[in-house]
Amino acid sequence: DWTTGNVIEEQVAAIRAQVGDRRAICGLSGGVDSAVAAALVQKAIGSQLTCVYVDHGLMRKGETEQVEKDFVAATGVQLKVVDASERFLAALKGVSDPEEKRKIIGREFIRVFEQAQAEIIADQGPAVEFLVQGTLYPDVVESGGGTGTANIKSHHNVGGLPEDLEFRLIEPLRKLFKDEVRMVGQELGLPEEIVQRQPFPGPGLGIRIVGEVTGERLDLLREADAIAREELTAAGLDRTIWQCPVVLLADVRSVGVQGDGRTYGHPIVLRPVSSEDAMTADWSRLPYEVLSRISTRITNEVKDVNRVVLDVTSKPPGTIEWE
Ligand code: XMP
């Protein structure tokens, strides 16, 4: 019968049989699925696994450290971190259109990840045959159930690699739902902050700045977001809400007053939602005291922000994210 212990035991045996004495690579995103998949594979094959974390500079406060330090401490995994934040900022320079931003972030991400893969293969040799993916059961059903291989185009020419690298996939979470993945992660000893993490978009804070993405704006949004998360956690609301995007309206300014002075600053939008599956959502009726604390702290502590507004739109018609 179903226990997390059985699932882990079964998957560890299956992964060992599949990989043998060869090697695997796994991309970590900071999210639950890739973390649990990597931890399972690590348990099965240890140092035959190398994880890659691309730091695109668009993560929230503390998240990169969570992967670099806490995840590594909990699993002992071999991790290659690529700090690509300058590269992402340069690619995003002057871009305000949401779809354009998403395309650029996705494209740069694949380039950096493939480069890292190629370096690992150049280092470890052709035994690197497997790619770990955190595919869940709902993803399998949605995509028609196929599995097998992934083609990675390598245009980087690191160490004279073939043009097209073909990986075989390891997908240890293919039979699991999200809550089961969380249970497995907990059993594997992963940090609570990773196992219980709410959804966060791959393009990160890049699509939570309405307007051009700059380093300064990212810092500002990171501060505001950290305050909102801190207060929501302190109020015990993490399990009540589905997620709460915090958005910086970088292209909007409004007049305010602080001390004896007039300010002309940016608004921060709070977008707390409740949802079952993110397909539809309702705005969360958060307690006024909590909203008040978040608003006071953000306007006091975050430079250039003089207004906090609440998004009271359901999905549809609004999406959860603003971009
Ligand atoms: P929307 O804004 O479409 O978001 O209502 C639905 C859910 O998906 C998340 N989201 C993303 N997740 N990559 C992701 O991995 C993305 O590009 C992306 N865009 C939105 C969003 O946070 C919400 O949970």
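Domain bounds here come from an automatic or database domain assignment. With that settled, open the model, which is a predicted one, and start with the whole chain.

**Whole chain.** Show the C-alpha trace and turn it along its principal axes: the protein chain spans about 70 × 50 × 35 Å. A compact globule of 323 residues would have a radius of gyration near 20 Å, and the protein chain has 21 Å, so the two agree. Switch to cartoon and you'll find 10 helices and 13 strands. Colour by burial next: 33% of the 323 residues count as buried. If you draw contacts with a separation of 6 or more, 76% of them join residues 24 or more positions apart.

**The two domains.** Select 4–195 for domain 1 and 208–310 for domain 2, and give each its own colour. Their C-alpha centres lie 30 Å apart. Now look at where they touch: domain 1 puts 10 residues into the contact and domain 2 puts in 8. What is the character of the domain 1 side that touches domain 2? It's a mix, with 4 nonpolar, 3 polar and 3 charged residues.

**Helix 5.** Select residues 98–124. This helix has 27 residues and reaches 39 Å from its first C-alpha to its last, close to the 39 Å expected at 1.5 Å a residue. Show side chains for K101, I105, A116, Q117, A118 and I121, the buried residues of helix 5. Then step just past the end of the helix to G125, which takes a positive phi of about 90 degrees.

**Helix 9.** Jump to residues 215–234. At 1.5 Å a residue, these 20 residues should span 28 Å, and the end C-alpha atoms are 28 Å apart, so the helix agrees with that expectation. Which residues of helix 9 are buried? Light up L218, L220, L221, R222, A224, D225, I227, A228, E231 and L232. For their packing partners, add strand 7 (209–210), strand 8 (246–249), strand 10 (261–270), helix 10 (288–301) and strand 13 (305–310). Following helix 9 is G236, with a positive phi near 70 degrees.

**The ligand.** Last stop: centre on the ligand and show what surrounds it. The shell starts with P199, P201, G202 and P203, then takes in Q243 and A278, and is completed by K315, T319, I320 and E321. Colour these by type and you get 5 nonpolar, 3 polar and 2 charged residues around the ligand.

Conventions: Residues numbered from 1 in each chain as written. Predicted model: local features only at pLDDT ≥ 70, side-chain atom pairs only at ≥ 80, totals over all residues. Near = placed C-beta within 6 Å. Nonpolar A, V, L, I, M, F, W, Y, C, P; charged D, E, K, R; others polar. Helix = DSSP H or I, 4+ residues; strand = E, 2+ residues; numbered from the N terminus. Rg over C-alpha atoms; globule rule 2.2 N^0.38 Å. Buried ≥ 20, exposed ≤ 12 C-beta atoms within 10 Å, placed from the backbone. Contact = placed C-beta atoms within 7 Å. Expected span 1.5 Å × (residues − 1).
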